[in-house]
Amino acid sequence: MAGLAIPNPDIQASTDPGPSETVVRAAVLRVDATPEALALIQRLEARHGPLLFHQSGGCCDGSAPMCYPRGEFMTGDGDVLLGEIGGQPFYMGKAQFEYWKHTRLTIDVVPGRGGMFSLEGPEGLRFLTRSRLFTDEENAALNG
């Protein structure tokens with residue numbers, strides 16, 4: 001699995017996305033992706049250019065990670081930048097982040113139809129969020 005390209009896969013570099021976005025700045029990687037998801041991201045980026053991922057707190061499509069051409073989905077104060085997968089930013093709605101903040105997310109890909117507006121739909125695949133609770137050490141790093 002891969003997250004940001006840095007020496008330790010459990011460490012996340014922080015960047016400043018801009019004044020209108022809330023950013024999680026922590027030493028613990030909050031989001032990563034499986035090799036299958038990274039391969040799909042690479043194909044989608046080749047076809048559509050830079051991408052952006054967003055997972056909101058809505059039902060149905062909203063609770064799945066959605067992939068958009070960067071610039072076609074506006075983020076703001078109600079979104080949290082969790083990190084990057086395949087070099088693409090991954091945001092989560094702030095309200096949903098409150099429920100997921102104790103977990104490490106792994107973005108995977110499985111057969112099926114993606115969300116109605118998500119770019120992977122025509123591929124016959126969909127992105128899926130898998131999660132695990134942070135360890136005590138990871139929680140200490142996040143809350144320290």
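These legends accompany several views of a predicted model of one protein chain.

**Figure 1. Overall view of the predicted protein chain and its secondary-structure elements.** The protein chain contains three helices and eight strands, and these elements follow one another from the N terminus in the order β-β-α-β-β-β-β-α-β-β-α. Of the 144 residues in the protein chain, 44% are buried. Among the contacts in the protein chain with a separation of 6 or more, 58% are between residues that lie 24 or more positions apart. The area that the protein chain exposes comes to about 7500 Å², of which carbon and sulfur atoms supply 56%.

**Figure 2. Close-up of the open three-stranded sheet with the order β2-β7-β8.** The pairing within this sheet of three strands is mixed. Strands β2 (31–33) and β8 (125–133) stand at the edges, and because each has a single partner strand, one side of each is left without a neighbour in the sheet. From one strand to the next, the twist averages 30°. Strand β7, which spans residues 103–111, runs parallel to β2, and the two are joined by three bridges.

**Figure 3. Close-up of D32 and T106, which stand opposite each other where β2 meets β7.** T106 lies in strand β7, and D32 is the residue that stands opposite T106. The side chains of these two residues, D32 and T106, also make a polar contact with each other, at 2.7 Å. The relative accessibility of T106 is 14%, and T106 therefore counts as buried, since the cut-off for a buried residue is under 20% relative accessible area.

**Figure 4. Close-up of strands β3 and β4, which pair in the antiparallel sense.** Strand β3, made up of residues 51–55, is paired with β4 over four bridges, and one of the facing pairs is formed by F53 and its bridge partner in β4, C67.

**Figure 5. Close-up of the side chains of strand β4 (residues 66–69) and the two ways in which they point.** In a regular strand, side chains alternate between the two faces of the sheet. In β4, M66 and Y68 point one way, whereas C67 and P69 point the other way. All of these residues, M66, C67, Y68 and P69, are buried, and C67 is also the bridge partner of F53.

Notes:
Residues are numbered from 1 along each chain as its sequence is written. This is a predicted model: local features need pLDDT of at least 70, side-chain atom pairs count only at pLDDT 80 or more; totals for chains, interfaces and linings use all residues. Side-chain values use heavy atoms; hydrogens and water are left out. Two strands pair if DSSP finds at least two bridges between them. Axes are lines fitted to C-alpha atoms, for helices over the stretch in contact, and angles run from 0 to 180 degrees between N-to-C directions. Buried means under 20% relative accessible area, exposed over 50%, partly exposed in between (1.4 Å probe, protein chains only). Contact means heavy atoms within 4.5 Å. Accessible areas come from the Shrake-Rupley method with a 1.4 Å probe; for residues, only the protein chains shown count as cover. A polar contact is a pair of N or O atoms within 3.5 Å; within protein, one must be able to donate a hydrogen and the other to accept it, and residues adjacent in sequence count only if both atoms are side-chain atoms.
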